[in-house]
Amino acid sequence: MTVPAEQAMLERQIRELGPWFHNMVLAGVRTEPDHFLGDYPAVKYRHFRDVLPADLTGKTVLDIGCNAGFYSLEMKRRGAERVVGIDTDERYLQQARFAAQVSGLEVEFRNLPVWQVAQLGQRFDLVIFMGVLYHLRHPLLALDLIHEHVAKDMLLFQSLQRGSIDIATVDEDYEFTAPAPFDQPGYPKLHFVERRYSRDETNWWIPNRACTEAMIRSAGFRIECRPEDETYFCRWHPVMVPPDGPHAVYPAGQAR
Ligand SMILES: C[S@@+](CC[C@H](N)C(=O)[O-])C[C@H]1O[C@@H](n2cnc3c(N)ncnc32)[C@H](O)[C@@H]1O
């Protein structure tokens with residue numbers, strides 16, 4: 001095939017696999033040139049890429065809600081030994097497999113919901129959980145399952161946030177009859193979307209900043225930094241929240 005013919009075929013394949021949420025450049029061809037967020041997610045990645053290890057040689061990575069695999073491929077480019085991307089949308093997974101193939105990168109993409117991460121049967125040095133939490137009906141359970149079954153060290157986390165960006169000081173405990181702290185704007189709040197938000201019926205729970213950070217901590221991750229507004233780089237640590245953990249509905253060692 002001549003070079004222009006190959007290019008035309010690539011453009012056709014990309015079009016047939018669309019629409020793309022990840023606007024990537026595959027062998028010189030943009031997957032979604034008219035993306036509503038522009039050069040997304042590359043433009044977002046620039047804000048936090050430096051908090052991740054530049055060299056992931058020998059490390060394992062799990063990208064939950066990987067979509068078309070932008071972050072999975074970037075982690076493989078950093079030398080990760082094994083990268084697994086999971087998602088529940090087969091169309092996105094097809095895009096991801098295609099993007100990996102065109103890029104010449106070996107990444108495993110599987111159709112698996114976050115609820116079933118225990119099936120992976122291993123812990124990963126880096127877990128990426130970007131842009132998924134607010135799409136879930138049971139967000140804290142997802143974080144608990146990640147902590148319980150697949151996270152080993154680093155967690156890169158992002159959630160859409162709405163409401164106050166204040167962080168209220170929350171006491172250890174409050175008397176039942178005392179004035180409640182709940183009306184403070186900076187008290188952790190999760191906003192329930194019964195119908196739709198932004199024309200998307202898959203948005204369910206949108207936290208404010210205080211709630212995002214409280215949920216991350218409560219699930220057993222220490223926040224190391226917030227390289228941009230909604231993105232957090234965290235480390236796994238043992239759950240210290242009463243009664244005595246683990247929190248996941250199906251803890252390690254029990255039926256999956
Ligand atoms: C907003 S996109 C974020 C994609 C990517 N992580 C990013 O930050 O660009 C949400 C992704 O999560 C996936 N998803 C939704 N529910 C999921 C679930 N229960 N388990 C795994 N993936 C899920 C969607 O199919 C979609 O690809």
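**A helix and its surroundings**

How many of the eight residues of helix α3 (residues 70-77) are buried, and which elements do the buried residues pack against?

*Solution.* Start with the ground rules. The model is a predicted one, where local features need pLDDT of at least 70 and side-chain atom pairs count only at pLDDT 80 or more, while totals for chains, interfaces and linings use all residues. Numbering starts from 1 along each chain, following its sequence as written.

Next, the terms. Helices (H or I, at least four residues) and strands (E, at least two) are DSSP runs, numbered from the N terminus. A residue is buried if 20 or more other C-beta atoms lie within 10 Å of its own, exposed if 12 or fewer, and partly exposed in between, with C-beta atoms placed from the backbone.

Now count: seven of the eight residues of α3 are buried, so the helix is mostly covered. They are Phe70, Tyr71, Ser72, Leu73, Glu74, Met75 and Lys76. For the packing, use contacts: two residues touch if their C-beta atoms, placed from the backbone, lie within 7 Å. By that test, the buried residues of α3 pack against α2 (42-48), β3, β4 (82-87), α4 (90-103) and β6. After α3 comes Gly79, with a positive phi near 95°.

**The sheet**

In what order do the seven strands of the open sheet run, and which strands stand at the edges?

*Solution.* Strands pair if DSSP finds at least two bridges between them. Following the pairs gives β5-β4-β3-β6-β7-β11-β10, with mixed pairing. β5 (108-111) and β10 (221-228) each have a single partner strand, so one side of each is left without a neighbour in the sheet.

For angles, axes are lines fitted to C-alpha atoms, for helices over the stretch in contact, and angles run from 0 to 180 degrees between N-to-C directions. Ignoring direction, neighbouring strands here are turned by 20° against each other on average.

Zoom in on one pair. Strands β6 (residues 124-130) and β7 (residues 151-158) run parallel and are joined by six bridges. Within that pair, Phe124 stands opposite Ala151.

**What covers the sheet**

Which strands does helix α5 touch, and which does helix α6 lie across?

*Solution.* Take α5 (residues 139-150): this helix packs on the sheet and touches β3 (60-64), β6, β7, β10 and β11 (231-236), with its direction at about 165° to that of β6. Then take α6 (residues 209-218), which lies across β7, β10 and β11 and runs at about 145° to β10. Finally, check β7: six of its eight residues are buried, so this strand is largely enclosed by the rest of the structure.

**Backbone oddities**

Where are the cis peptide bonds at Pro19 and Pro41, and which loops hold Ala27 and Arg199?

*Solution.* Go along the chain.

- Gly18 and Pro19 are joined by a cis peptide bond, omega about 0°; Pro19 sits in the loop between α1 (3-17) and β1 (25-26).
- Ala27, in the loop between β1 and β2, has a positive phi near 45° despite not being glycine. Ala27 counts as exposed because 12 C-beta neighbours lie inside 10 Å.
- Tyr40 and Pro41 share a cis peptide bond too, omega about 5°; Pro41 belongs to the loop between β2 (29-30) and α2.
- Arg199, in the loop between β8 (190-192) and β9 (205-207), also isn't a glycine, yet has a positive phi of about 60°. With 6 other C-beta atoms within 10 Å, Arg199 is exposed.

**The whole chain**

How many helices and strands does the protein chain have, and what is its radius of gyration?

*Solution.* The tally is six helices and eleven strands. The radius of gyration, taken over C-alpha atoms, is set against a globule rule of 2.2 Å times the number of residues to the power 0.38. The chain comes out at 20 Å, close to the 18 Å the rule gives for 256 residues, so it is as compact as a globular protein of that length. Its C-alpha trace spans about 80 × 40 × 35 Å along the principal axes. Of the 256 residues, 36% count as buried.

**The ligand shell**

How many residues surround the ligand, and how do they split by class?

*Solution.* A residue is near a molecule or strand if its C-beta atom, placed from the backbone, lies within 6 Å of it. That yields 16 residues, the closest being Gly65, Asn67, Asp89, Met130 and Gly131. To sort them, Ala, Val, Leu, Ile, Met, Phe, Trp, Tyr, Cys and Pro count as nonpolar, Asp, Glu, Lys and Arg as charged, and the others, Gly among them, as polar. The split is nine nonpolar, five polar and two charged.
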